[in-house]
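Please look over the sequence and the model below before reading on. The paragraphs that follow move from charged pairs to the interior, and then to the surface and the backbone.

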Amino acid sequence: ANQKLSMNSAANAVEWQTVASSGWTFVSSVTASSSANVSFTTMAAGYDYMVTFTDLLPATDNVDLDGFLGVAGPTYRTANYDGHTGIINTGSGGGSSLEWSGLSAMKLTADNQGNAADEHAVGNLTIYDPFASTDTYVIGDLAYHGTGTSHYNGIMGGKHETAESITSIKFSYSSGNIATGIFKLYKRANA
């Protein structure tokens, strides 16, 4: 909560009042370094969550970034993800897309990311009211470098089609480790 200074005219005194903040609040951060995955396991009732990632680079060339939602334990779900990822190739002006229907993960990239020194990814993913016992909806945007000379800008959105309380999220590449990356978790009250 933020503080603001106000004047109490009846008593002719100055007092502090607490004002509710409507923005995102930082929760925690994970720095990947040759990591098999990165996870956050602290999602609770009453909040939407956002994960940002910067300096993200796979150890293996030509891989996709995947996201998995988890329930208490955590136990990560590997089925029933439905949505769409659309990518614009800034090199050719073309695009591609990937529909994920009944897939084993949320697909954050639709074309394969490279692992050269200058082929990092940045982006964010918002998870709406994950603790509610309903389908869990997500949206995101990202920019990354593919294998070769292409740079990609993309958006994605979808849901996990199971009515359950989600408490965790995990990110990994389709093959190999996360060589580098900074992941930050934020929350905001949704009521």
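Which residue's side chain meets that of Arg 188 in a salt bridge? In this predicted model, the partner is Asp 48, with a nitrogen-to-oxygen distance of 3.3 Å. Arg 188 belongs to strand E15 (residues 178–189) and Asp 48 to strand E5 (residues 47–58), so the pair ties together parts of the chain that are 140 residues apart in sequence. The two partners differ in their surroundings, because Arg 188 is partly exposed, with a relative accessible area of 24%, whereas Asp 48 is buried, with a relative accessible area of 8%.

The bridge belongs to a chain that has 15 strands and zero helices. Buried residues account for 40% of its 191 residues, and among contacts between residues at least 6 apart in sequence, 71% join residues at least 24 apart. The accessible surface of the chain comes to about 9,100 Å², and carbon and sulfur atoms contribute 50% of that area.

Asp 48 also appears among the contacts of Asp 129, a residue in the loop between strand E11 and strand E12 (134–145). Once neighbours within four places in sequence are left aside, Asp 129 is in contact with Tyr 47, Asp 48 and Asn 190, and its side chain is joined to that of Asn 190 by a polar contact of 3.2 Å. The C-alpha atoms of Asp 129 and Tyr 49 are separated by 7.5 Å, although these residues are 80 apart along the chain. Asp 129 itself counts as partly exposed, because its relative accessibility is 29%.

A search of the whole structure finds five salt bridges, and in general side chains of opposite charge can pair when their charged atoms come close. Another of these bridges is formed by the side chains of Lys 159 and Asp 135, at 3.9 Å from N to O. This pair links distant parts of the chain, since Lys 159 is in strand E13 (residues 151–164) and Asp 135 is in strand E12, 24 residues away. The side chain of Lys 159 also meets that of Glu 161 in a salt bridge of 3.2 Å, N to O, and Asp 135, Lys 159 and Glu 161 are thereby linked in a network of salt bridges. Both acidic members count as partly exposed, Asp 135 at 25% relative accessibility and Glu 161 at 38%.

Turning to the interior, the largest nonpolar core has 36 residues, of which Met 106, Ile 169 and Phe 183 touch the most other members. Beyond its neighbours within four places in sequence, Ile 169 is in contact with residues from many positions in the chain, including Val 38, Phe 40, Val 51, Phe 68, Tyr 76, Met 106, Leu 125 and Ile 127.

Is Thr 85, a residue of strand E8 (residues 81–89), buried or exposed? Thr 85 counts as buried, because its relative accessibility is 0%. Its side chain nevertheless has polar partners: one polar contact, of 2.9 Å, is made with the side chain of Trp 100, and a polar atom of the Thr 85 side chain lies 2.5 Å from the backbone oxygen of Lys 107. Not counting residues up to four places away in sequence, Thr 85 touches further residues, among them Ser 96, Leu 98, Leu 108, Ala 110, Ile 155 and Met 156.

On the surface, Tyr 128, Tyr 137 and Ile 139 make a nonpolar patch of about 280 Å². Tyr 128 lies in strand E11 (residues 121–128) and is partly exposed, with a relative accessible area of 31%.

The backbone has a few features that deserve a separate look. Most residues other than glycine have a negative phi, and most peptide bonds are trans. Gly 73 and Pro 74, however, are joined by a cis peptide bond with omega of about -5°, and Pro 74 is located in the loop between strand E6 (65–71) and strand E7 (75–76). Asp 55, although not a glycine, has a positive phi of about 55°; this residue is in strand E5 and counts as partly exposed at 36% relative accessibility. Asn 80, likewise not a glycine, has a positive phi of about 70°, and is placed in the loop between E7 and E8, where its relative accessibility of 38% makes it partly exposed.

Methods
Residues numbered from 1 in each chain as written. Heavy atoms only, no water. Patch = residues over 30% accessible without salt bridge, like charges linked within 9 Å, V, L, I, M, F, W, Y side chains within 5 Å. Areas by Shrake-Rupley, 256 points an atom, 1.4 Å probe, with all protein chains shown as cover. Salt bridge = Lys/Arg side-chain N within 4 Å of Asp/Glu carboxyl O. Helix = DSSP H or I, 4+ residues; strand = E, 2+ residues; numbered from the N terminus. Buried < 20%, exposed > 50% of the residue type's maximum accessible area, 1.4 Å probe, protein only. Contact = heavy atoms within 4.5 Å. Polar contact = N/O pair within 3.5 Å; in protein donor to acceptor, adjacent residues only side chain to side chain. Core = buried A, V, L, I, M, F, W, Y, C linked by side-chain atoms within 4.5 Å.
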